[in-house]
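The exercises below take a reader through one protein chain, each with a task and a solution that goes step by step. Please look at the sequence and the model before starting.

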Amino acid sequence: MDAGYQGLAKSHPGQVEAPPLKLRPGAAEPYRIAYEHKRKDQSSRRIAVEHAIAELKWWRVLQRFTGRRELLPQTVDAVAALVSDRTITW
């Protein structure tokens, strides 16, 4: 696990899971099946978060944020609220 995952795992115990380690060439079939299942499971859980982050980055104000760092969390919250309101279907 790299340092980024280690730091997140300490900050958010039980919420962060590192990607499964790649298997060596020639691994037995049951190990390959288990590896693919675990990789796909993690990927499918992560994709919703990745899409949400990508949608926030589409907003011009966040592409080149030049404001004060103290205001960034409030700006992200405002854009997230706009994104959320835009995606509501009645």
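**Exercise 1. Locate A18 and decide whether A18 is buried or exposed.**

Solution. Begin with the position along the chain: A18 sits in the loop that joins α1 (3–11) to α2, where helices (H or I, at least four residues) and strands (E, at least two) are DSSP runs numbered from the N terminus. Next take the relative accessible area, which is 18% for A18. Buried means under 20% relative accessible area, exposed over 50% and partly exposed in between, with a 1.4 Å probe and protein chains only, so A18 counts as buried at its 18%. As a last step, look back along the chain to L8, which is 10 residues from A18 in sequence and 9.8 Å from A18 in space, C-alpha to C-alpha.

Before going further, note that this is a predicted model, in which local features need pLDDT of at least 70 and side-chain atom pairs count only at pLDDT 80 or more, while totals for chains, interfaces and linings use all residues. Residues are numbered from 1 along each chain as its sequence is written, and side-chain values use heavy atoms, with hydrogens and water left out.

**Exercise 2. Describe the overall make-up of the protein, from its elements to its surface.**

Solution. First come the elements: the protein has four helices and zero strands, and from the N terminus on they follow the order α-α-α-α. Then turn to burial, where 11% of the 90 residues count as buried. For contacts, meaning heavy atoms within 4.5 Å, consider those with a separation of 6 or more; residues 24 or more positions apart account for 23% of these. Finally, the accessible surface, computed by the Shrake-Rupley method with a 1.4 Å probe, comes to about 8,000 Å², and 58% of that surface belongs to carbon and sulfur atoms.

**Exercise 3. Which residues does Q42 touch, not counting residues up to four places away in sequence?**

Solution. Start by placing Q42, which is found in helix α2. Its relative accessible area is 8%, and therefore Q42 is buried. With the sequence neighbours set aside, the residues that Q42 touches are E17, A18, P19 and P20, and A18 is the loop residue from the opening exercise. P20 can also be related to R39, another residue of helix α2: the C-alpha atoms of R39 and P20 are separated by 6.3 Å, although the two are 19 residues apart along the chain.

**Exercise 4. How many salt bridges does a search of the whole structure find, and what can be said about those within helix α2?**

Solution. A salt bridge requires a side-chain nitrogen of Lys or Arg within 4 Å of a carboxyl oxygen of Asp or Glu, and the search finds four of them. Three pairs can be followed one by one.

- E29 and R32 are joined by a salt bridge of 2.2 Å, N to O; both lie in helix α2, three residues apart, about one turn of the helix. E29 is partly exposed at 42% relative accessibility, and R32 is partly exposed at 39%.
- E36 pairs with R39, their closest N and O atoms being 2.7 Å apart, and these two are also three residues apart in helix α2. E36 has 39% relative accessibility and counts as partly exposed, and R39 is partly exposed at 39%.
- D41 and R45 meet at 3.3 Å, N to O, and are four residues apart in helix α2, about one turn of the helix. D41 is partly exposed at 37%, and R45 is partly exposed at 45%.

**Exercise 5. What is the volume of the largest pocket, and which residues are the closest to its centre?**

Solution. Rolling a probe the size of a water molecule over the atoms shows where empty space is left. On a 1 Å grid over the protein atoms alone, a pocket is an open set of points where a 1.4 Å probe fits, with protein on both sides within 12 Å along at least five of seven lines, and lining residues have an atom within 4 Å of a point. The largest pocket has a volume of about 230 Å³, a volume being the space filled by probe spheres set on the points, which are joined across faces, edges and corners. Of the 10 lining residues, Q15, Q42, R45, R46 and V49 are the closest to the centre. Helix α2 (residues 29–58) gives the largest share of the lining, six residues.
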